[in-house]
Protein chains: 2
Amino acid sequence: MTSKPRETRRSRGRPRDRALDREHVLSAAVTLLDREGPDALTMRRLAAGLQVSPMALYNHFDSKKDLLRSVAEQLVGQTQFSSGHEDWRERIRFCFRRLRSVILAHPGAVRLMESLEQAPLAVFSPMEVTLAALETAGLTGEPALRSYFLLTNFTMGQVSYEVRGPFKALDPARALASGHLRGEGFCHIEAAAQFEHWDFDAAFEFGLSTIIAGSPTDHALRKNSSNLQSTQFPIGPTPIRFA
Amino acid sequence: MTSKPRETRRSRGRPRDRALDREHVLSAAVTLLDREGPDALTMRRLAAGLQVSPMALYNHFDSKKDLLRSVAEQLVGQTQFSSGHEDWRERIRFCFRRLRSVILAHPGAVRLMESLEQAPLAVFSPMEVTLAALETAGLTGEPALRSYFLLTNFTMGQVSYEVRGPFKALDPARALASGHLRGEGFCHIEAAAQFEHWDFDAAFEFGLSTIIAGSPTDHALRKNSSNLQSTQFPIGPTPIRFA
DNA sequence: ACCTGAACACCGTTCAAGT
DNA sequence: ACCTGAACACCGTTCAAGT
């Protein structure tokens with residue numbers, strides 16, 4: 001796993017080639033997560049991959065929780081959420097497209113992040129970018145926080161849904177078998193199930209646009225939503241895709 | 001744990017008072033989840049609470065996964081998402097307020113549901129209600145699905161954030177210590193941290209209203225968003241609270 | 001300071017056995 | 001048909017010991 005030889009390049013005489021350091025452990029953890037999923041990311045298997053005793057990890061991390069949080073931290077912490085777009089709307093779109101992209105690039109990271117009870121600090125970077133963008137649009141204080149809240153919760157919710165494979169459970173036969181949809185039937189769901197290919201990118205862009213258009217900015221308050229028609233549907237540039 | 005004596009009341013002679021049935025196990029699982037959280041919900045502890053061998057549970061559930069999914073199923077399956085409101089907007093609000101409420105009433109259910117790889121069938125009940133409501137507003141097909149998607153992802157995202165205690169990690173000192181917010185500083189977050197009481201109910205209602213107002217219904221398309229000002233901010237009736 | 005091996009208290013689940 | 005106890009292959013983590 002990550003056979004990078006780890007040249008010990010600081011102060012050549014003494015430091016004793018230690019087998020581990022945080023960075024090395026974290027990169028091994030990410031590749032383990034990517035290859036075998038979040039359930040495989042255990043202290044013992046990670047240590048085995050590093051050819052080290054399980055207890056060696058505890059010299060660099062307080063606990064498994066600490067390690068998992070650090071993995072999440074590293075993933076979102078190394079991505080750039082700010083951009084130079086003039087339009088504050090584009091800055092917000094860029095930010096959340098990036099957030100979605102990092103996580104989709106590491107599908108196991110979704111369940112990992114959901115399992116954390118403390119969010120990693122790095123998630124505050126998108127928050128800062130968004131609040132700054134909204135401020136230039138004249139939106140501050142609690143209303144701005146609510147818009148940020150709406151954006152981030154929608155994004156994380158969609159990504160979570162997306163990574164799980166959305167309609168895996170949408171088999172009408174299964175739905176029929178259970179008695180849960182008794183009252184209202186489920187004819188609309190049956191109709192919906194016919195969309196066999198669901199365009200997540202478009203759904204995501206729709207969500208962003210809807211939320212941005214719905215933010216009570218100065219602009220929106222003064223001109224009585226003159227550009228509603230144009231900001232509601234535009235799909236914009238295609239979202240960032242990872243290689 | 002749930003000392004209900006379980007009168008065996010069907011066909012009095014024969015059926016042998018079996019120690020367990022699905023319903024009994026599930027109710028014990030819910031109380032265990034509520035009292036000690038999702039991590040405590042193990043097969044062994046659940047069995048111990050029921051004074052039964054761990055393996056006895058496997059006569060009623062295929063696996064732990066099956067049991068956990070059934071717990072989620074029971075929680076959201078027993079709530080009524082449809083209502084008789086005339087306004088389709090109110091029907092949608094009612095539906096998602098209910099969804100939020102059930103889950104908030106069992107905070108451990110958030111991590112539980114996030115840990116499932118297959119969603120329980122019962123989550124399709126809100127879907128059916130929403131698609132039906134949107135249809136009366138003239139919205140069908142893929143646009144309707146997108147609006148549903150936006151609503152449910154926002155709701156689940158907010159609930160998840162809400163249950164975790166949102167600003168637990170928003171200590172500016174911690175944020176300063178890490179180098180992650182180097183580029184842009186984090187003055188906006190610092191300002192935001194001053195809101196020491198965050199109104200989740202209001203944030204949720206704002207989200208619902210924004211999404212509903214942003215749905216491209218017949219109505220919105222014909223009248224050029226005449227009621228935008230009034231539908232964007234209204235908080236509406238107070239959300240459902242559980243006893 | 002960093003790593004190890006043995007040990008402890010837990011997991012989910014298989015299996016053979018009981019009724 | 002339903003339940004049990006013993007056993008297996010795993011966990012995270014403590015601890016005493018090595019260098």
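## Cysteines

Let's start with the sulfurs: the disulfide count over all chains comes to zero, a disulfide being a pair of cysteine sulfur atoms within 2.5 Å. Cys187(B) is in no disulfide, and the nearest cysteine sulfur to its own, that of Cys95(A), is 15 Å away. Seen from the other side, the closest cysteine sulfur to that of Cys95(A) is the one in Cys187(B), and 15 Å is too far for a bond.

The surroundings of these two cysteines are worth a look as well. Cys95(A) is buried, with a relative accessible area of 0%, while Cys187(B) counts as partly exposed at 48%. Here buried means under 20% relative accessible area, exposed over 50%, and partly exposed in between, using a 1.4 Å probe and protein chains only.

## About the model

This is a predicted model, in which local features need pLDDT of at least 70 and side-chain atom pairs count only at pLDDT 80 or more, whereas totals for chains, interfaces and linings use all residues. Residues are numbered from 1 along each chain as its sequence is written, chains are lettered from A and ligands numbered from 1 in the order in which they are written, and side-chain values use heavy atoms, with hydrogens and water left out.

## Chain A at a glance

Chain A has 12 helices and zero strands; helices (H or I, at least four residues) and strands (E, at least two) are DSSP runs, numbered from the N terminus. Of the 243 residues in chain A, 50% are buried. Among contacts in chain A with a separation of 6 or more, 70% are between residues 24 or more positions apart, where contact means heavy atoms within 4.5 Å.

One residue to pick out is Glu128(A), which sits in helix H6 (residues 124-136) of chain A. Glu128(A) is buried, with a relative accessible area of 1%. Its C-alpha atom is separated by 9.5 Å from that of Tyr148(A), 20 residues apart along the chain.

## The nonpolar core

The largest nonpolar core has 127 residues. Such a core is a set of buried Ala, Val, Leu, Ile, Met, Phe, Trp, Tyr and Cys residues joined through side-chain atoms within 4.5 Å. The residues with the most contacts inside it are Leu46, Leu67 and Phe96 of chain A, and Leu46, Leu67 and Phe96 of chain B.

For a closer view, take Leu67(B): leaving out residues up to four places away in sequence, Leu67(B) touches Val25(B), Leu26(B), Ala29(B), Met43(B), Leu46(B) and Phe61(B).

## Helix H5 of chain B and its neighbor His106(B)

Six of the eight residues of H5(B) are buried, so this helix is largely enclosed by the rest of the structure. The buried ones are Gly108(B), Ala109(B), Val110(B), Leu112(B), Met113(B) and Glu114(B). Their cover includes helix H5 (108-115) of chain A, along with helix H1 (22-36), helix H3 (64-77), H4 and helix H7 (141-163) of chain B.

His106(B) lies in the loop between helix H4 (88-105) and helix H5 (108-115) of chain B. With 16% relative accessibility, His106(B) counts as buried. Its side chain makes a polar contact of 2.9 Å with that of Asp34(B); a polar contact is a pair of N or O atoms within 3.5 Å, and within protein one must be able to donate a hydrogen and the other to accept it, with residues adjacent in sequence counting only if both atoms are side-chain atoms. Not counting residues up to four places away in sequence, His106(B) touches Val30(B), Asp34(B) and Leu75(B).

## DNA strand C

Of the 18 residues around DNA strand C, the nearest are Ser53(A), His60(A), Arg44(B), Met55(B) and Tyr58(B); a residue is near a strand if one of its heavy atoms lies within 4 Å of it. Sugar and phosphate account for 53% of the atoms of DNA strand C that come within 4 Å of the protein. Helix H2 (residues 43-49) of chain B gives the largest share of the nearby surface, three residues.

Phosphate oxygens of DNA strand C lie 2.5 Å from a polar side-chain atom of Tyr58(B), 3.1 Å from a polar backbone atom of Met43(B) and 2.9 Å from a backbone N or O atom of Lys64(B).

## DNA strand D

Around DNA strand D there are 18 residues, of which Arg44(A), Met55(A), Tyr58(A), Ser53(B) and His60(B) come nearest. Helix H2 (residues 43-49) of chain A supplies the largest share of this surface, three residues. Of the strand's atoms within 4 Å of the protein, 51% belong to sugar or phosphate and the rest to bases.

Both protein chains reach phosphate oxygens of DNA strand D: a polar side-chain atom of Thr42(A) lies 3.5 Å from one, and a side-chain N or O atom of His60(B) lies 2.8 Å from one.
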